[in-house]
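These notebook entries record what I looked up in one structure. I took one topic at a time.

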Amino acid sequence: MKSVTERVYYKDFALALIGYFLFVCQDTVSKDLVTRYHATQIVFFSSIAALITVVIYTHWKNAWRKIKKANFTVHFFRTLTMFLAMSSFIYSTYYLPLTTLYSIIFTIPLLLTIGGAIFLKENVSWRRYLATSIGFIGAIIAIDPFSSEFTKIGIIAIIMPLFPTASYLIVRKYGYQESLYSFLIYGKLLMILFSSLVAVYFYKPMPLNDLAINLGSGIFRGVAIIFVINSARHLPASIFSSAQYIQIIAGGILGYLFFKDIPTINVYFGSVLIIGAGLYIILREAKLGVNIVTSTTRHPTIPIKKD
């Protein structure tokens, strides 16, 4: 008979898988829409729908008092970097398969290992540096930078993971005391602001069906955030972190079904190295009791529920 803790782990791990799958669904919708609209316009409408979702969640949790005291500077720069990350990701989906893009995104734990050492004065052993090196080799193999598809966007795909890396480091260094709900609400409000400032120059009227699809993808994102937050409250980071890698599998399936994208052998082999290196770093952090890379999977302000 399973213990209460085991039952909670199974339930919340499933919740995390569903949440990350919904992120992939949003990315799939964005990949279709970006063939007709500018990336920032897609971000604008999806952020509006996501804001409505998190507002409902915040009200349901009666957490408005928790967002009154907030460090605007932290929210500003954290959201700015995430806006650049989302926009460049959506733009890149026009040229690259989702599986290739997720291989690029999953270099973030590797970049955080280096960023933590430089900016957070984290002591990084040779083992984690070795795992980081192996992960970057995997990224080069998966991305295949000499392919014709990659050379069309080149530098954008290379710098894309730097933006979320910067966002996580900002939160870790300056925003540790910020409320989770303030990140949800102010983050979405600022995302709408940033995207509108750019989208106004590229705006193209959407027919009702495209607008509904765009808003629906934003609801996917809002629900995904809520699912991931709630599962992160229960699961140890070493367990929770593995859930995010479903995005490569789901991206491959949805990419094939909707866009006939077939991952190359490079993507399969490179992804194994990237995932292996990322999991090793996270498990190593769990053993050492540090929390640099694991903050990418559980936000530092998410409380861990004691069962």
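**Notebook: a helix, its core and two loop residues**

Entry 1. I noted at the outset that the model is predicted.

Entry 2. I began with helix H10, which covers residues 180-199. I found that H10 has 20 residues and reaches 28 Å from its first C-alpha to its last, close to the 28 Å expected at 1.5 Å a residue. I then looked at its N-terminal end, where Ser-179 acts as the cap. A side-chain oxygen of Ser-179 lies 3.1 Å from the backbone nitrogen of Tyr-181. I also checked burial: 14 of the 20 residues of H10 are buried, so the helix is mostly covered.

Entry 3. I turned to the largest nonpolar core, which holds 23 residues. Among the residues that touch the most other members I listed Tyr-20, Tyr-181 and Leu-184. Helices H1 (4-33), H2, H10 and H11 (208-232) each give two or more residues to this core. H11 gives the most, with six residues. I followed Leu-184 further: leaving aside residues up to four places away in sequence, Leu-184 touches Val-54, Tyr-57, Ile-225 and Ile-229. Apart from this core I found another, of 20 residues, including Val-24 and Phe-106.

Entry 4. I looked up backbone angles last. Most residues other than glycine have a negative phi. Asn-62 is not a glycine, yet its phi is positive, about 55°. I placed Asn-62 in the loop between helix H2 (39-60) and helix H3 (72-93). Asn-62 counts as exposed because its relative accessibility is 53%, and exposed means over 50%. Lys-260 also has a positive phi, about 60°. I placed Lys-260 in the loop between helix H13 (246-259) and helix H14 (265-288). At 59% relative accessibility, Lys-260 counts as exposed.

Technical notes
Residues numbered from 1 in each chain as written. Predicted model: local features only at pLDDT ≥ 70, side-chain atom pairs only at ≥ 80, totals over all residues. Heavy atoms only, no water. Helix = DSSP H or I, 4+ residues; strand = E, 2+ residues; numbered from the N terminus. Buried < 20%, exposed > 50% of the residue type's maximum accessible area, 1.4 Å probe, protein only. Expected span 1.5 Å × (residues − 1). Polar contact = N/O pair within 3.5 Å; in protein donor to acceptor, adjacent residues only side chain to side chain. Core = buried A, V, L, I, M, F, W, Y, C linked by side-chain atoms within 4.5 Å. Contact = heavy atoms within 4.5 Å.
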